[in-house]
2 protein chains.
Amino acid sequence: MVSKELRVNRQRLQSTLQEMAKIGATPGGGVQRLTLSDEDKQARDLFVKWLKELDLEVAIDEMGSIFGKRAGKNNDLAPVMSGSHIDSQPKGGRFDGILGVMGPLEVLRTLDENNIQTERPIIIVDWTNEEGSRFAPAMVASGVWAGALDRDWVYGRTDINGKRFEDELIRIGYKGPVPAKKWPVHGYYEYHIEQGPLLEREGKIIGAPRGILCLHWYDVYLEGEANQVGPTPMAGRHDALCAAAEMILKVNELPERMGGNMVATVGEIQNYPNSRNIIPDKVHFTVDIRSWDDDHALKAWELVRRDFENIAAGRGCPIKIEETWRVEHSPFDEKMVQRILDIAQELGYSSLHMVSGAGHDASYMNQVCPTAMIFVPSIGGRSHVEVENTRWEDCEAGANVLLQAILQSANEK
Amino acid sequence: MVSKELRVNRQRLQSTLQEMAKIGATPGGGVQRLTLSDEDKQARDLFVKWLKELDLEVAIDEMGSIFGKRAGKNNDLAPVMSGSHIDSQPKGGRFDGILGVMGPLEVLRTLDENNIQTERPIIIVDWTNEEGSRFAPAMVASGVWAGALDRDWVYGRTDINGKRFEDELIRIGYKGPVPAKKWPVHGYYEYHIEQGPLLEREGKIIGAPRGILCLHWYDVYLEGEANQVGPTPMAGRHDALCAAAEMILKVNELPERMGGNMVATVGEIQNYPNSRNIIPDKVHFTVDIRSWDDDHALKAWELVRRDFENIAAGRGCPIKIEETWRVEHSPFDEKMVQRILDIAQELGYSSLHMVSGAGHDASYMNQVCPTAMIFVPSIGGRSHVEVENTRWEDCEAGANVLLQAILQSANEK
């Protein structure tokens with residue numbers, strides 16, 4: 001049962017988000033707060049200040065992740081954790097990540113002003129470099145913390161200017177003393193904008209993903225034959241870009257051919273020599289396939305891979321395929337997901353049992369402890385863009401669900 | 001009638017070409033002699049030295065083009081001209097351009113050692129910046145000389161490092177005193193490798209193009225909607241790269257749909273944000289259409305343009321199209337073209353009456369005086385690449401045809 005009267009303060013949550021949105025604000029109405037940049041540091045400093053105002057026990061780990069711990073009645077019990085990330089995409093939005101850090105902050109402020117003590121401690125967390133857009137890959141700090149990634153490997157990652165992750169961490173003063181190593185956690189909740197259009201299309205306010213889709217990344221390399229376009233007849237050409245174009249359309253048609261819930265995308269392409277009067281002789285492009293069903297995704301890939309090979313043979317363009325990354329689908333804790341749905345109903349918010357197409361720090365946390373996420377609608381489904389937006393009443397709704405979920409978990413003995 | 005005994009010296013032509021190929025030689029067996037680079041200067045210096053060894057009257061014009069004039073019996077008559085270019089593509093081949101400068105040099109050497117005087121003067125020319133790969137556009141020096149381009153506009157063109165054409169011309173010491181302004185010319189012959197596969201496929205040695213194809217250049221800009229690929233269902237996406245892929249295939253199919261002699265190519269594409277997990281929201285690509293028949297090319301464009309608009313509408317991706325450049329087809333002087341074919345036959349070389357798909361300095365010269373070209377086979381049809389190659393006996397054959405053609409023109413009263 002939810003505490004009927006206990007609610008977050010919408011105005012305070014809104015002001016807090018607006019305050020954060022000033023840091024790295026872009027002319028287009030978004031934010032640019034790249035990992036370990038000056039803007040990231042400024043936002044972290046403000047976050048730490050707010051944590052200290054709540055008398056939380058603040059700890060920075062060696063990956064720069066920031067933890068704020070609120071004591072429980074019994075501090076020998078494993079804590080409940082909630083958080084997300086402060087960093088943003090280049091020209092990103094004002095909600096992606098930051099809502100999942102300011103949300104639990106608002107929850108703790110609400111508990112404080114209501115003098116509520118929980119059985120278990122509660123920890124709020126900002127994970128370093130969730131986006132992976134300055135330093136690839138994404139979600140490295142939760143990955144190291146969960147034991148899935150190697151700390152020193154991440155330290156050595158460089159940005160496009162050759163700056164090392166570790167050096168930048170030291171530069172902004174956030175290489176902390178605490179080992180980035182998992183500890184027992186009773187449950188992890190991550191509050192996030194949906195970053196897709198489903199909640200809006202379905203007219204729902206709260207999304208409870210049953211987990212995160214599997215993810216397959218491939219890199220395709222094609223070779224053609226470069227020649228002056230004018231004197232080279234169409235017959236006998238080996239045009240690597242035409243071969244790529246056929247393949248891109250095959251990827252785009254794949255979900256409809258396969259049926260079931262699946263997305264498939266070519267997001268990146270490089271063409272060489274990329275001169276308007278030379279037939280392309282080299283093309284690289286990427287393939288991203290996601291589904292709840294790992295086997296289904298694999299079968300789809302096998303199908304489109306055969307298409308690729310036929311197209312390559314037909315155009316006389318040798319093909320090389322690399323399987324760059326495969327992550328299996330990640331089902332969240334069923335009881336916690338159901339809790340989200342139940343709380344939404346009790347609070348009078350419409351809800352949707354769905355899946356998460358995007359990866360989140362929750363993916364790595366799901367390897368450590370029972371995990372669930374709370375989604376609220378993205379207007380127009382837009383994210384990773386400056387116009388990314390979410391209604392304030394929806395931000396409030398999600399925070400209220402988070403408040404009750406944290407309370408229930410933190411009072412479990 | 002050809003002079004039965006007079007022939008160029010294959011060994012000397014080969015050595016001369018090999019000597020030039022050392023300047024800017026690349027590890028892959030090609031040359032890199034970008035316009036107005038140190039390598040260009042070095043090759044020019046050697047060329048001028050060779051011109052002076054023949055006691056030619058050397059003149060450098062204000063575009064840096066180098067002219068070597070051999071006196072005729074009657075120097076009041078308009079001269080016969082022949083030449084091409086010394087500059088190369090980045091990682092270009094050892095024959096493109098340079099064969100058309102060393103060829104007439106070998107012709108003049110042959111005339112000299114045989115003490116042959118012609119009625120008319122003969123001028124050999126190296127046109128500055130035919131390639132246009134360091135300073136766009138191509139063929140600027142012959143363009144200015146012919147009155148088709150403005151000298152000061154070309155002077156102000158910059159390379160990717162911001163260096164001005166005129167400054168680089170001065171730097172290498174080739175901004176000459178002679179105005180770049182056309183004078184009366186009796187006839188212009190340009191000797192060049194084919195840069196396509198037709199001669200080889202047909203088993204012919206000498207190509208006599210009846211002219212240069214028309215050329216249409218278009219720039220297409222598409223807009224899509226960027227979103228995270230994972231949470232964005234396929235339905236409702238506006239993927240600018242998928243729209244571009246459909247259009248690229250339409251361009252590729254265009255010549256077959258239209259019939260007739262035509263080539264159509266997409267050589268260049270830029271995709272944004274070009275990130276593997278974001279749906280592309282901006283794509284730019286180029287279209288190059290060439291045909292002997294200007295109307296046919298225009299009809300083809302109108303057809304594919306309608307396809308583009310339908311595809312753009314179907315995918316909800318707004319389209320913008322720019323008509324970047326249109327040049328009508330350029331028919332060479334019929335009598336001179338026939339002369340090339342006749343000489344080839346008399347010398348016992350097989351020949352092909354064909355068209356030139358590529359532009360050449362001959363295009364601008366064709367606006368000034370009767371013009372024709374002589375092609376010899378490109379092995380595998382390859383050009384603008386380091387492996388570009390032509391057999392020495394074919395280089396010799398083309399030079400022998402050029403020798404006779406120049407002799408006949410230069411003896412016309």
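**Reading the contact between chains A and B**

Guide: In this predicted model, chain A has a mean pLDDT of 96, and 99% of its residues reach 70 or more. The scores of the model are ipTM 0.88 and pTM 0.88.

Visitor: Why should one look at pLDDT before reading coordinates?

Guide: Where pLDDT is low, the predicted coordinates should not be read in detail. For chain A, 99% of the residues reach 70 or more.

Visitor: How many residues does the contact take from chain B and from chain A?

Guide: The size of an interface is often given as the accessible area lost when the parts come together. Here one may count residues instead: chain B gives 51 residues to the contact, and chain A gives 51 residues.

Visitor: Which elements of chain B give two or more residues to the side that touches chain A?

Guide: They are helix 8 (240–258), strand 8 (262–265), strand 9 (269–272) and strand 10 (282–291) of chain B. Helix 8 of chain B gives the most, with nine residues. By class, this side of chain B has 22 nonpolar, 20 polar and nine charged residues.

Visitor: By what turn and shift can chain B be laid on chain A?

Guide: A turn of 180° and a shift of 0.2 Å along the axis lay chain B on chain A with an RMSD of 0.1 Å. The two copies are therefore related as by a two-fold rotation axis.

Visitor: Which residue of chain B comes closest to the rotation axis?

Guide: That residue is Ala245(B), whose C-alpha is at 2.2 Å from the axis.

Visitor: Through what surface do the copies meet?

Guide: Of the interface residues of chain B, 100% are also interface residues in chain A, so the copies meet through the same surface.

Key
Residues are numbered from 1 along each chain as its sequence is written. Chains are lettered from A and ligands numbered from 1 in the order in which they are written. This is a predicted model: local features need pLDDT of at least 70, side-chain atom pairs count only at pLDDT 80 or more; totals for chains, interfaces and linings use all residues. Two residues are in contact if their C-beta atoms, placed from the backbone, lie within 7 Å. Helices (H or I, at least four residues) and strands (E, at least two) are DSSP runs, numbered from the N terminus. Ala, Val, Leu, Ile, Met, Phe, Trp, Tyr, Cys and Pro count as nonpolar, Asp, Glu, Lys and Arg as charged, and the others, Gly among them, as polar. Copies are superposed by least squares on the C-alpha atoms of residues with pLDDT of at least 70 in both. pLDDT is the predictor's confidence in each residue, from 0 to 100.
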